[in-house]
Amino acid sequence: MAEVDMALIWQNPAATPYTGDADPDYESLLAANRYIRDAAERYPDRFLPAGWVDPKACGIDGALEMAEVLVLEYGFPIVKMNPAQNRYPIDSEPVLAVVDRIVELGAIPAFHYGADTPFTPAGGLERIALRHPDHPLVAAHMGGGGAGYSDAEPLYQESRALGLRCPNIRFLLSTRRDAHTESDLIAYQSAGEPFCRNLCCGSDAPYGRMTWNFGGYRQMFRSLMEGSSHPDPRLRADPRLFTPESVQGYLGGNIARLAAEGCRNILKVNHAA
């Protein structure tokens, strides 16, 4: 109904039970990742699968082992951690070790990155980005998430500026206020390459409604492409700033290219090894 051809998917922590014991929690999370793999194998033209590791629940050794399984056995080009829901600092030493391993394997590390908890500040994301400045890094929500407007506002502003300093950060636009989303798109499109390829529209389904979100995105892009009558002075000065090609990038092309880059890099790294 939302006219979405393919969706990036990973496991849902709300549906993955933990016991507080590293070994059974490893098996529980591995089973959830296996479900994602199986879903993508059943519907290869509909799902773009990504993995999930948890250095807190599984321990550092378990998380490193799982990263290898997800990349080398399951073939996931993107591997995510969620410091908010799993409750650990985004730039803690165990996380950095897992990031290093994901990058060594050729895959792309991804994070929940929002203002809904204190675990994902802009400085922590920047530390990870600067650790591997030539390797892509995905940050879902661009500082959004479940925080209230006043709590989220500083991180919204910091995140936009951070992404324009660190071109290896790729933001997934979901659960971020619509006014900020529009301003983000204008700022990154105005910045040109490579920044105009670093934003990707998303819905955060099942928490966000895909038809609502992508209907809103399409209407937003229609207004952006009619720049001469838009209230933003940057668009009135350059009414053709947004092209059909750039819009297609934000609506799916950018994330598709990123996933393809991850797949090629995994093959390159592990063939050389």
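**A tour from a helix pair to the sheet**

Start by selecting helix α4, residues 93–104, together with helix α5, residues 122–131: in this predicted model the two pack with their axes 11 Å apart, at an angle of about 35 degrees. Rotate the view until one helix lies in front of the other, and you are looking at a right-handed crossing.

Which residues meet here? Show side chains for Glu93, Leu96, Val99 and Asp100 in α4, then for Arg127, Ile128 and Arg131 in α5; these are the residues that meet across the pair. Colour them by character and you will find three nonpolar and four charged residues in this contact, with no polar ones.

Next, bring up the strands. Six of them make an open sheet with parallel pairing, and reading across it the order is β3-β4-β5-β6-β7-β8. Where are the edges? Select 51–52 for β3 and 199–201 for β8: each of these edge strands pairs on one side only.

Now move inward to β5 (residues 108–114) and β6 (residues 137–143), which pair in the parallel sense over four bridges. As a landmark, pick Gly114, and across from it in β6 you will see Gly143.

With the sheet still displayed, bring α4 back. This helix packs on the sheet and touches β4 (78–81) as well as β5, and its direction makes about 140 degrees with that of β5.

For the last stop, select helix α10, residues 244–272. Here is another element packed on the sheet: α10 touches β5, β6, β7 (169–173) and β8, and its direction makes about 120 degrees with that of β8.

Notes: Residues are numbered from 1 along each chain as its sequence is written. This is a predicted model: local features need pLDDT of at least 70, side-chain atom pairs count only at pLDDT 80 or more; totals for chains, interfaces and linings use all residues. Side-chain values use heavy atoms; hydrogens and water are left out. Axes are lines fitted to C-alpha atoms, for helices over the stretch in contact, and angles run from 0 to 180 degrees between N-to-C directions. A crossing is left-handed if the near helix is turned anticlockwise from the far one by less than a right angle, and right-handed if clockwise. Contact means heavy atoms within 4.5 Å. Ala, Val, Leu, Ile, Met, Phe, Trp, Tyr, Cys and Pro count as nonpolar, Asp, Glu, Lys and Arg as charged, and the others, Gly among them, as polar. Two strands pair if DSSP finds at least two bridges between them.
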